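Visitor: I am new to this structure and should like to be guided through it. May we begin once it is in view?

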Amino acid sequence: MTGGCEVSWFSALCDDDYEFLGVPDAALRSSWEHCRDIVMQAESGGFDNCLLPSGYALGIDTTAFAAGIAPLLRRMRLLMAVRIGESWPAQLARQIATIDRMLGGRLTVNIISSDLPGETLASDPRYERTREAMHILRTLLDGKPLDHDGIFYRMRVDPPRITTVSGGCPQLYFGGLSEAAREAAAEGCDVYLMWPDTMDAVRATIADLRARASRHGRTLRFGYRVHVVVRETEAEARAAADRLLSKLDDAEGAAIRARSLDAQSAGVRRQAELRETAGDAGYVEDNLWTGIGRARSGCGAAIVGDPDQVLAKLQAYRAEGIEAFILSGYPHAAEADLFARHVLPRLDHGPLA
């Protein structure tokens, strides 16, 4: 474990903010005002970056939100999620460069291997499309002309006139557990993102992705997306976690998971496996609680504990090679404040160079 880590928060653009999981609250619904307030809380709390998630069916538009919030920020980065199935990569490159300029050069990009709304593409071709898109984005944002003759995109185009502040492609964050996803990551991204898993599984995934990247003559950095529940004592943290689920109807939780566009992905299946193998209280290993996933598709576990326990868990991941954390908690603005006060000052952290 050398150097610092990047610590990011999460703004709930996709109708994913609750006081009680599975119980919608009009005051926490995604809106410009609410999501802006979460981002500004993260900036004032000292976080290095903030993920702006994207979902076609839920919440508000991510690219438009990123452009709106960029001039309000003074130092924090943004990690803007882009859904590849919904974008023409050459135009997306122009949007990325424009927002990076608005942000003073502090944009990073989370690549999502999505379908086009209304269509379903099998996993292997969908990730092949994403691999092509990452190549196109990197070429154009590095300021190079593109002559691409692929399966999904055929284009001959000069780079957009507007460039990023650095003149190069922002760091591309990307995740996925399937064979096709891992190969796309090894070839095309900069930071491979993982959802919560046991320490042994994290270790094995990092080793696998390092080997795959090496075969392409590349190196990867590693990120970890997880929720947190931190309180002054472990008992208070566990009580807060239990309170989150205290009004959840299991049928409503299942409906929430099913509404997600990624409900059948390998990563989502793995989150379900963690829940099924967890103990009665939902803990699959020390301080890793799977209860979040009962009412959420995707990232479905939280680090739960007192400040020392949460810090120790994060440091254990760092020792395995994790350099970037994307954290969240419920409600998002309140939990960001708790983490910023109790844990963040004790971490050696800063934006990924």
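Visitor: At what angle do the axes of helix α3 and α4 cross?
Guide: This is a predicted model. In it, the axes of helix α3 (residues 89-102) and α4 come within 9 Å. Residues of α3, including Leu92 and Ile96, meet residues of α4, among them Ile136 and Leu140. The crossing is right-handed, and the angle is roughly 50°.

Visitor: Which word describes how α3 and α4 lie to each other?
Guide: Their axes cross at roughly 50°. Angles under 35 degrees count as roughly parallel, and 65 to 115 as roughly perpendicular. The two helices, α3 and α4, are therefore oblique.

Visitor: Which helix gives the most to the largest nonpolar core?
Guide: The largest nonpolar core has 93 residues, and Phe47 and Phe339 have the most contacts inside it. With seven residues, the helix that gives the most to this core is α4 (residues 123-141).

Visitor: How many residues has the other core?
Guide: This core lies apart from the largest one. Among its members are Leu21, Ala240, Tyr283 and Val304, and its residues number 16.

Visitor: Is Ser30 buried or exposed?
Guide: Ser30 lies in the loop between β1 (6-10) and α1 (32-45). Its relative accessible area is 12%, and buried means under 20%. Ser30 is therefore buried.

Visitor: Which backbone nitrogen does the side chain of Ser30 reach at 2.6 Å?
Guide: Beyond its neighbours within four places in sequence, Ser30 is in contact with residues including Cys14, Cys35 and Gly59. Its side chain reaches the backbone oxygen of Ala12 at 2.6 Å. The backbone nitrogen that the side chain of Ser30 reaches at 2.6 Å is that of Asp15.

How values were computed: Residues are numbered from 1 along each chain as its sequence is written. This is a predicted model: local features need pLDDT of at least 70, side-chain atom pairs count only at pLDDT 80 or more; totals for chains, interfaces and linings use all residues. Side-chain values use heavy atoms; hydrogens and water are left out. Helices (H or I, at least four residues) and strands (E, at least two) are DSSP runs, numbered from the N terminus. Buried means under 20% relative accessible area, exposed over 50%, partly exposed in between (1.4 Å probe, protein chains only). A polar contact is a pair of N or O atoms within 3.5 Å; within protein, one must be able to donate a hydrogen and the other to accept it, and residues adjacent in sequence count only if both atoms are side-chain atoms. Contact means heavy atoms within 4.5 Å. A nonpolar core is a set of buried Ala, Val, Leu, Ile, Met, Phe, Trp, Tyr and Cys residues joined through side-chain atoms within 4.5 Å. Axes are lines fitted to C-alpha atoms, for helices over the stretch in contact, and angles run from 0 to 180 degrees between N-to-C directions. Angles under 35 degrees count as roughly parallel, over 145 as roughly antiparallel, 65 to 115 as roughly perpendicular and the rest as oblique. A crossing is left-handed if the near helix is turned anticlockwise from the far one by less than a right angle, and right-handed if clockwise.
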